[in-house]
Amino acid sequence: MKKYFYSILFLFSIYSNAQKSTNYTKKIDSIYVDLVSTELSEIKNKQTLGLIGQLNYPKNSKKIIVRILKFSLSNKNSKQITNAYYALSNYYFFNSKLDSSLITLEKIELYLDKNSIPLLKASVKMTKGGVYQRKGNIVKANHNFLESLNILNKIDTLTLSKKDKIKRKGKKLVLFNSIAIFNKNTENYDKAKLYYNKAYKMALELGNKRLAGILLSNQGDLLIKIKQYDEALSVLEKSKKIKNEINAPPKSKGITNLNIALAYSALNNYNEAITIFNSLIPLFRNQNNTNNLMYSLVGRGQLYNQKKEYKKAIIDCEESFNLAIKGDELEYQSSSTKCLADAYKSLHNFEKAYYYQTKYLKFKDSIFNSNNVKKITQMQMQYDFDRKNELQVIETKNKARENKIIIISLVLGLLSLLFFLGMLYKQYNIRKKNNQILAAKNIQIKNALDDNEVLLKETHHRVKNSLQMISSLLYLQSENIEDKNAAASVKDGQIRVKSMALIHQKLYQKDNLTGVEVSDYINDLAESIFQSHNISFDAINLHIDVDKMILDIDTITPLGIIINELIVNALKHAFTTKKSEALISISLHKKNDTLLLKVADNGVGFNPERKKEKSFGLKLINSLSRKLKADLTITTNNGTLVELRIKRFIIK
């Protein structure tokens, strides 16, 4: 009975929102009529564009923006033109016309090159970042967000009026929210949480309940991503309360209710979740709110998958996928194809499941490939480096200014002792204030460096995951190849990839992000190879004698592949007949300026001259030996002994 009551209550709230949506439409029409009947002015245009922005640029607001733009162009007022173009770009962004938004933003930049309007420049870069993020180009998105932050940081706040200081703080608040969303979508959840907290604190300082409600809704979405569902519901209910208090637009309320539905779905409260989805989807469809419609359809499709209603899931996720393709929304193309792959797999339609799974992996890889992660890391590091240099320049200038003031104070002190004391007291206050600023900036730098370490670990984690995915694909491929030799070759490739993945796993699990402890790595590598070949240590003994040392990634990667090849060769060829005392031994020691690697077995022996031009494994060993500047020798005497005297290596 209680659930029924809440469902009726929610439906009533949706009906109220629909009524309010109609009221907002009437409000926009009223504004347009007022614009047509009265004379336009710079102040009136600015107020009107601000009001449309607070309403999140409804569908019928374009005619107002276009009218203001035409008026501004006819008056050749650059400031008004840029403001009108910026409103138009936001209209396209909020209505999922990303290419149109990008074209309009580029027009604005032509005006901004001739006119110095730093706050607007920062806003344009911020919006461009949002457009590229939704198009799946995370490198360009990150670049524009960092440029926007750099512009805001360089503004001399001492020259700003009180009103512009508040405006700058508001811009930073919105930018922090955008950066948080970016980090959430790129799965950097700790950094996303940090920026959400910063933005929410600023919203409270500014007394801006509208933005506070939006930020709480976004935080709820983040908590769902990291599976903290109960906390997410608590935060989302708080967001809903604030939005109801300020009578937020239906679109804004709908986003919070959508996140609540996703939280219920994750908690298996299907009835509550489906009630919300069934009410929101028609609402978003009537509002032409494509972005939230796609999100809702995918959410309900995933819910249908959980309820094993796979045909319903396919209908929702196909609609979302088609909308995402039309709007060039890579993020929703990715989530829609994942939903479709899961549904078709459950229906045993493996052909379509494979088709959509392949698309999903392609979309995901285009967003999260290692090159993109590397570029983002480099951008962040470059930004932090430039920011640190700027702070050092500011510090040098401040010290020079302080010294100059001291000298002037001393000279003036000869004329008046009282004046000298006054200037000294003033100087003390300036220094104290500067020290406080520098202390705060140093904390920011430390936090940025900590973020870089997390980002570098994340890079190794992602590379490891990518290599493991490749290894899994190779394994699946080998299982389906009928030609035994071809299957064996593919499996060998899988084992090589696993040896490289193990390196990146070691890197992100340890404090040393640039090197690997070689003893642990070789032990784990050997164990993995034995498991891959289903050979126990009882059948073939393994003896490892390796010095404790940390080798850099450029040394351990080829070395690991060489050891991998030698162990695999021994397992395949050395013990073709059973032998009670079968043994493989590995040793690695540093002697003077050389690393000496020995891999030996007591098997049947090996003659490289009998091989057909040598196997791929031997070619690989020879190639990697040259990279390490190593002397390679292979001897056969009661088994096989391979020795490498490595001259090019780096110990951390």
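**Close-up views of a predicted model**

**View 1. Glu245 is partly exposed, its relative accessible area being 48%.** Partly exposed covers values between buried (under 20% relative accessible area) and exposed (over 50%), computed with a 1.4 Å probe on protein chains only. The model is predicted: local features need pLDDT of at least 70 and side-chain atom pairs pLDDT 80 or more, whereas totals for chains, interfaces and linings use all residues. Residues are numbered from 1 along each chain as its sequence is written, and side-chain values use heavy atoms, without hydrogens or water. Glu245 makes a salt bridge (Lys or Arg side-chain nitrogen within 4 Å of an Asp or Glu carboxyl oxygen) with Lys209, and the closest N and O atoms are 3.4 Å apart. Glu245 belongs to helix H11 (residues 229-245) and Lys209 to helix H10 (residues 209-225), so the salt bridge ties together parts 36 residues apart in sequence. Helices (H or I, at least four residues) and strands (E, at least two) are DSSP runs numbered from the N terminus. Lys209 is partly exposed too, at 45% relative accessibility.

**View 2. Lys307 and Glu309 form a salt bridge.** Their closest N and O atoms lie 3.6 Å apart. Lys307 is partly exposed, with 28% relative accessibility; Glu309 is also partly exposed, with a relative accessible area of 25%.

**View 3. Asp316 is a buried residue of helix H15.** The helix spans residues 310-327, and the relative accessible area of Asp316 is 3%. A polar contact of 2.6 Å joins its side chain to that of Arg300; such a contact is a pair of N or O atoms within 3.5 Å, where within protein one can donate a hydrogen and the other accept it, and residues adjacent in sequence count only through two side-chain atoms. Beyond its neighbours within four places in sequence, Asp316 is in contact (heavy atoms within 4.5 Å) with Leu297, Arg300, Gly301 and Tyr304.

**View 4. Cys317 and Cys339 form a disulfide.** One disulfide (cysteine sulfur atoms within 2.5 Å) is found in a search of the whole structure. The sulfur atoms of Cys317 and Cys339 are 2.0 Å apart. The torsion about their S-S bond is about 75°, so the disulfide is right-handed. Cys317 lies in helix H15 and Cys339 in helix H16 (residues 330-346), so the disulfide links parts that are 22 residues apart in sequence. Both cysteines, Cys317 and Cys339, are buried.

**View 5. Lys338 and Asp342 pair within helix H16.** Their side chains meet in a salt bridge, 2.9 Å from N to O. The two residues are four residues apart, about one turn of the helix. Lys338 has a relative accessible area of 28% and is partly exposed; Asp342 is partly exposed as well, at 31%. Elsewhere, salt bridges with shared partners join Glu109, Lys125, Lys128 and Glu147 into one network. The salt bridges in the structure number 14.

**View 6. Helix H22 comprises residues 553-574.** From first C-alpha to last, its 22 residues reach 30 Å, close to the 32 Å expected (1.5 Å times one less than the number of residues). Of these residues, 16 are buried, so H22 is largely enclosed by the rest of the structure. For the protein as a whole, the secondary structure comes to 23 helices and seven strands, and 46% of the 652 residues count as buried.
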